[in-house]
Structures are given as C-alpha cells and as structure tokens.
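Thanks for coming. I will take a few minutes to go through one model, with the pockets before the salt bridges.

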Amino acid sequence: MLQDAPTACLRSPLDVVDLTFDWPTGQPALRHCNLRIPRAGLWMLVGSNGSGKSTLLRCIAGLLEPQAGRIDTVLRPALVFQNPDHQLLLPSCGSDLMIGLRGQMGLMHRQLAVHQALGQVGLLGFEQRPIHTLSGGQKQRLAIAGTLAAQADLLLLDEPTALLDPESQREVLHLIRRLCSGSDKPLTALWITHRLEELDLCDGAALMEAGRLGPWCSGASMRSQLAPLPEGQA
C-alpha cells in the first residue's frame, strides 16, 4: 500500500465516499465505492469490463447522478474519452478549443489560453489546422488541450490510448505524466487502463471489482499481481 503520511494533513484533491449508482434497469454499477486521491499525480484504475470504472469517472465528471454518497473535490474535473472524435466538435483546432473557454474572457485572453494549451501538448501553431488532418494521437492531445484551456486540473481519462498506435500511446502517456509532475502547479489525473505497461509511470494504482475499489498500491506491485489481460478487458 502507498504511504501518504507526508500529505495526510493536506486536503485531498478528490474524495469519493460511499458512492452508489444503479442503472435504470436496476443493475448496480457502483456499490458504496470509496476513492481518495492523496495528492496531485497520475493515478490509474484497472479492472474487468463492467466493474464500474467508466461509471465512476462519469459520476465524478458530473455526467451521471449517483443515488447515494458524495464526491468532494476542490478541483475542476474534465473527462477525456477513449475516442477523441467524440469530443472534438468544430473544424479547426483553435475554434474547437475556443468553445470550452469561460464566456467572460476577452478575445485576447481567449487566444492566449488556446495558444498556451496547444503549446502544453506539443501542438504549438496548430490553431488553424483542420482537425480532420490530424493523426489519432494528435487528436487525443488536442482533446487534452481542450481540458487545459478550460482550466481543468482534474483530468479523468477513460482508456485514452486504447485506439492509438504504440508511438502515440507513449506520447499521450508521457504528456500526462509530465503535466502531473510539473513543479509549478501539477495536475491530478485519474486514468483507466488495460495496458499493464502503463502502470510503470503512475503514482498509484487500484483494482476495481464489482463496483468497489481496492487500496492504492504501486504500479509495479499492481502489474505483478495481474496476469496479462486480453485486449479491451481492462
């Protein structure tokens, strides 16, 4: 189990307490689920299909309303989907990022926010680039840039590398690792994965089973516990 004693006196970036969610059919997805992220960093969830991982992220993001429990966070959450085409809406990179910005920002500040967000994900100068010309990895980095431009500091990533080629998988993973390790204001990321090699770069990993989460442990420890899972069986 991870030791977080040095940060015990600090407020957790995210606390999920006794969260319960049932689908309209009555099928349970989350059963008194508890999750506490002790500090900023990259935290990963693994578990079989139907264990409740994606449902948990959608509850934290505010897309689903749990029947019971509570979610406490001082951060601004944003969900990054497995398929970036599901969240990139406008024709160009710059225009797509613009729609997520706060309405009270002036034009100059909006343009600066877009410019800075693109720079953070390695897409500097892509403001006018048509989205349909981007590779899958570039689209996923653009989706992440959208969360940064919107000033999100709790990134919820639902298997963000599942549809990418190996090089793009590494680029996206190392991008999030870097954003969560910044010396100025590191982000907090909660990442669902079915690629056990990705666990090597996380600050902690937890196994989800039947709508509940186990304790945090190191990525290396989690990887050693789990046999290689079939593709898509996170």
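By class, how many nonpolar, polar and charged residues does the lining of the second largest pocket have? This is a predicted model, so please keep that in mind throughout. The count is eleven nonpolar, five polar and two charged residues.

Staying with that pocket, its volume is about 330 Å³. Its lining is made up of 18 residues, and Gln87, Gly100, Ala143, Gly146 and Thr147 are the ones nearest its centre. Three elements give two or more residues to this lining: β5, residues 77-80, α2, residues 93-98, and α4. Of these, α4 gives the most, with four residues.

Now the largest pocket. About 410 Å³ of space lies in it. Here 17 residues form the lining, with Gln120, Leu148, Gln151, Lys185 and Leu187 nearest the centre. The elements giving two or more residues are α3, residues 107-120, and again α4. The largest share, four residues, comes from α3. By class, this lining has nine nonpolar, five polar and three charged residues.

One of those central residues deserves a second look. Gln151 sits in the loop between α4, residues 136-149, and β6, residues 154-158. Its phi is near 65°, which is positive although the residue is not glycine. Gln151 is partly exposed, at a relative accessible area of 42%.

Glu159 also has a positive phi, near 50°, and is likewise a residue other than glycine. This one is in the loop between β6 and α5, residues 166-179. Is Glu159 buried or exposed? It is buried, because its relative accessible area is 11% and the cut-off for buried is under 20%.

Next, the loop between β5 and α2. Phe81 lies there, and so does Leu90. Phe81 is partly exposed, with a relative accessible area of 23%, and Leu90 is partly exposed at 32%. Leu90 also belongs to a nonpolar surface patch with Leu89 and Ile99, and together the three have about 290 Å² of accessible area. As for Phe81, its C-alpha atom is 15 Å from that of Leu148, a residue 67 positions away along the chain.

That leaves the salt bridges. How many does the structure hold? There are eight, and I will show three, including one between two strands.

Asp15 and Arg36 meet through their side chains, at 3.8 Å from N to O. Asp15 is in strand β1, residues 14-22, and Arg36 is in strand β2, residues 28-37, so the pair ties together parts 21 residues apart in sequence. Both partners are partly exposed, Asp15 at 21% and Arg36 at 32%.

The second pairs Asp158 with Arg58, and the closest N and O atoms are 2.9 Å apart. Asp158 lies in strand β6 and Arg58 in helix α1, residues 53-61, so this pair ties together parts that are 100 residues apart in sequence. Asp158 is buried, at 6% relative accessible area, whereas Arg58 counts as partly exposed at 21%.

The third joins the side chains of Asp203 and Arg177, at 2.9 Å from N to O. Asp203 is in the loop between β7, residues 188-192, and β8, residues 204-209, while Arg177 is in helix α5, 26 residues away. Asp203 counts as partly exposed at 23%, and Arg177 is buried at 17%.

That is where I will stop.

Definitions and conventions:
Residues are numbered from 1 along each chain as its sequence is written. This is a predicted model: local features need pLDDT of at least 70, side-chain atom pairs count only at pLDDT 80 or more; totals for chains, interfaces and linings use all residues. Side-chain values use heavy atoms; hydrogens and water are left out. Buried means under 20% relative accessible area, exposed over 50%, partly exposed in between (1.4 Å probe, protein chains only). On a 1 Å grid over the protein atoms alone, a cavity is a set of points where a 1.4 Å probe fits but cannot get out, and a pocket is an open set with protein on both sides within 12 Å along at least five of seven lines; lining residues have an atom within 4 Å of a point. Grid points are joined across faces, edges and corners, and a volume is the space filled by probe spheres set on the points. Ala, Val, Leu, Ile, Met, Phe, Trp, Tyr, Cys and Pro count as nonpolar, Asp, Glu, Lys and Arg as charged, and the others, Gly among them, as polar. Patches are made of residues with over 30% relative accessible area and no salt bridge: like charges are joined within 9 Å, nonpolar side chains (Val, Leu, Ile, Met, Phe, Trp, Tyr) within 5 Å. Accessible areas come from the Shrake-Rupley method with a 1.4 Å probe; for residues, only the protein chains shown count as cover. A salt bridge is a side-chain nitrogen of Lys or Arg within 4 Å of a carboxyl oxygen of Asp or Glu.
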